[in-house]
Amino acid sequence: MSRPVTGSVPERRRVVVRGVVQGVGFRPFVYTLARELGLTGWVTNNADGVETEVEGPGPGVAAFCARLATGAPPLAVVESVRHSTVPATGGSGFIIRPSAGGTGRTLVSPDMATCEDCLYELADPADRRYRHPFISCTHCGPRFTVVTGLPYDRARTTMAGFPLCADCAREYENPADRRFHAQPVACHACGPRLTLVTGPSGPAAAARPTGEDALTGARRLLAAGAVVAVKGLGGYHLACDASDPVAVRTLRARKNRGAKPFAVMADSLETVERLAFTGPEERDLLLGRRRPVVLLRRRSHGASLIADGVAPGSPDLGVLMPYTPVHHLLLGLPGDPAGPPVLVMTSGNRSGEPLVTDDEEALRRLEGLADAWLTHDRPVHVPCDDSVVRICAGQELPVRRSRGYAPMPVALPLPVEPALAVGGDLKNTFCVAEGGYAWLSAHVGDMDDLATLTAFETAVAHLSALASVAPRVLVADRHPGYRSGQWAGRHAAGRPVRRVQHHHAHVASTMAEHGLDGSAPVIGVAFDGTGYGDDGAVWGGEVLLADYDGFRRFAHLAYVPLPGGDSAVRNPYRMALSHLRAAGLPWSDDLPCVAACAPGERRLLERQFERGFNCVPTSSMGRLFDAVASLAGVCHRVEYEAQAAMELESAAVAAGETRADGRRESYRFALLPAGPADRAALVADPAPVLAAAVDDIRAGVDAATVAARFHGAVVALVHDVCRAARDRTGLATVALTGGVFCNALLTDGCAERLEDDAFTVLRHRRVPPNDGGLALGQLMVAARV
């Protein structure tokens, strides 16, 4: 420990520290640092962050200011340290003052996984918090989901209703204790309590098992094949034994989930490594403080731990590790009776509805889905679903940015006026912003029912209050039918609502997270399923020359009819028939996609194409993936978004094509000049790809090889178009964005091929490439100062 600095003229400074500095142990850190350096003064929380005044010898005061950022606690994120000299007042000692008001803003930490110190205490029979389901400290536990206002103190959290016992109060008030001013701190005597409910009409509240009995009962139910709703940090999960095929099938049927994969929670890293391949990056994510669902490539010999119905048809398995004390206890501590080592852990909601957080609502909305509820009496103030990430070429690729990440802000390359960008209608995430920062919300979901719109509105109010942003402008997608845009119009209250083209927003999102100031355009490759185009068509296979001020459509996938709109999305064989017809290829019965379409429906489609009825044109790359999936016999009907594309990727991986770099044997697109009525320079015609795939299928080539060759064709197309754009414009920075680039095989291949040709490649690392990252791009296009 350093010795106090003495022997110089006393100096006093007022210091304001901004960032994630409340509820993370920053004030005790300041207290300890000041005492170590022999300084006097005080520290407090306010709405600006943490404010402190220190007095003592000049060198000691200087050392104090320097170490505020470098020695901060684990969960702290120091944005700025500003200090000014004030008159010395003398005095002795250093105190922590009660929280005060303020005029600026501070940042709230995301919810974080239980730390190692708390886990040690959880499993130590000699510790007073042994097996306490809500153990936490300043280094871990709930934050974002329990905060009701700022400054961040217990009275402004959902722990306000749990008065501290004498033992917890001593820890809470002791600056030398790890739980000093840890707002969720509690113990068996004074904290929230678990309750096991076996049904809304089951035993009365007084007769329901609580505490350890509730936990034991839930573990027994899970081992016996029941579905249990488990209340977590940001809402409820639905859990069952992942190795029990009947339990998995029951949960899937009750939730009407179709074939969409479930995420699983494993009891240890050793169990995870029996299930799937992990590298150092994946292990860091699995064991880190954020604990997202990590998409991992499955091992075939791990099938004994999980039923086939957990993730049918998927090359990946979504895996997460326990991140709350309840999870650790549910899976079992050392010495506990053996239970399921892997649990299905899926969002507690009905298909299409928002995450359930309220206890009474959980009993009502999850009735018929769950056999029992393991609940507790600490309220969840704001829902927050699990985040989903994958590692792509050694880098983190967010698929869903939520728990553990929200509401951490994204630094903006250019300042913006106070604004709310409402995002899109699928995988909705919105953001509020002002100045140099944007606060992205947790995952809201698909905006297709009243409950989700209500959850969206509540989340907007909560995040705006936490970030101290009063939006003066709203930003939305140009699609006239988007519910998010309609909501913005209804709630504008005289404020302007600015509209941004969908794929321009995708490209701008990539630019923003990489810190580009927009002084030079990029080549934006925006591939997704659906985006409203400026010509009224459905875009989705776009190459744009874009900055924040605008874009030019340099190239796009050739238009084909989208027969029946949503019906074509749900039935990829319809897209296959549309693409075959556009390519001049006959609908022969020996092709899997033709065989999947009943003769009567084929006749109806023929008339529909001839008359152009309900056949909006589309340039969607996502729909082309659907078409090839059906053409190859991989997937003809989908039960969840991107199912066909995911299964096509799975097939390509099975072919042994560990990378789709376009250099191996693959199909090729034709790159043609656009017509006189088209403002783009080039059109990518998939007809040669489809013809080659048809030849392969008729020659008996397996579906996996067809899938791999198609992936190679898309990689080669991206390279060819980007090279053409560079030749014409001199631009050499490429942004890969849109939901299609959640495909790791495609993203790896495109990045490698482009980087080998001296392109700078921008990939998503902080916000998702899908519509979950759309709001950030909307903001940068429409709200810059």
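This report walks through a few strands, helices and cysteines of one predicted model.

First, some ground rules. Residues are numbered from 1 along each chain as its sequence is written. Because the model is predicted, local features need pLDDT of at least 70 and side-chain atom pairs count only at pLDDT 80 or more, while totals for chains, interfaces and linings use all residues; side-chain values use heavy atoms, with hydrogens and water left out.

**Strands at the start of the chain**

Let's begin with strand 3, residues 49–57 (helices, H or I with at least four residues, and strands, E with at least two, are DSSP runs numbered from the N terminus). Is strand 3 enclosed or open? 9 of its 9 residues are buried, so strand 3 is largely enclosed by the rest of the structure. "Buried" here means under 20% relative accessible area, "exposed" means over 50%, and "partly exposed" is in between, using a 1.4 Å probe and protein chains only.

Strand 3 has pairing partners too, where two strands pair if DSSP finds at least two bridges between them. Here are three strand pairs from the model, including one from further along the chain.

| Strand pair | Sense | Bridges | Residues facing each other |
|---|---|---|---|
| Strand 1 and strand 3 | antiparallel | 8 bridges | valine 17 and valine 50 |
| Strand 2 and strand 3 | antiparallel | 7 bridges | threonine 44 and glutamate 51 |
| Strand 19 and strand 20 | parallel | 4 bridges | valine 475 and arginine 498 |

Strand 2 runs straight on into strand 3 by way of a hairpin of 2 residues.

**A sheet with helices on it**

Now for the strand 19 and strand 20 neighbourhood. Four strands make an open sheet with mixed pairing, in the order 18-17-19-20. Strand 18 (431–440) and strand 20 (497–500) are the edge strands with a single partner each, so one side of each has no neighbour in the sheet. From one strand to the next, the twist averages 60° (axes are lines fitted to C-alpha atoms, for helices over the stretch in contact, and angles run from 0 to 180 degrees between N-to-C directions).

Helix 12 (residues 483–490) lies across strands 17, 19 and 20, at about 155° to strand 19. Helix 13 (residues 502–513) packs on the sheet as well, touching strand 17, strand 19 and strand 20, and its direction makes about 90° with that of strand 20. Contact, by the way, means heavy atoms within 4.5 Å.

**A pair of helices**

Helix 20 (residues 687–698) and helix 21 (residues 703–729) have axes that come within 11 Å and cross at roughly 165°. They therefore count as roughly antiparallel (under 35 degrees is roughly parallel, over 145 roughly antiparallel, 65 to 115 roughly perpendicular and the rest oblique). At the meeting place, Val689, Ala693, Asp696 and Ile697 of helix 20 touch Val706, Arg709, Phe710 and Ala713 of helix 21.

**A buried leucine**

Leucine 736 belongs to strand 28 (residues 733–737), and its relative accessible area of 2% makes it buried. Its C-alpha atom is 6.2 Å from that of leucine 762, 26 residues apart along the chain. Beyond its neighbours within four places in sequence, leucine 736 has contacts including Thr510, Val718, Phe741 and Leu762.

**What about the cysteines?**

How many disulfides does a search of the whole structure find? The search comes back with 0, a disulfide being a pair of cysteine sulfur atoms within 2.5 Å. The sulfur of cysteine 190 has its closest cysteine sulfur in cysteine 168, 3.7 Å away, which is too far for a bond. Cysteine 190 is buried at 8% relative accessible area, and cysteine 240 is buried at 0%.
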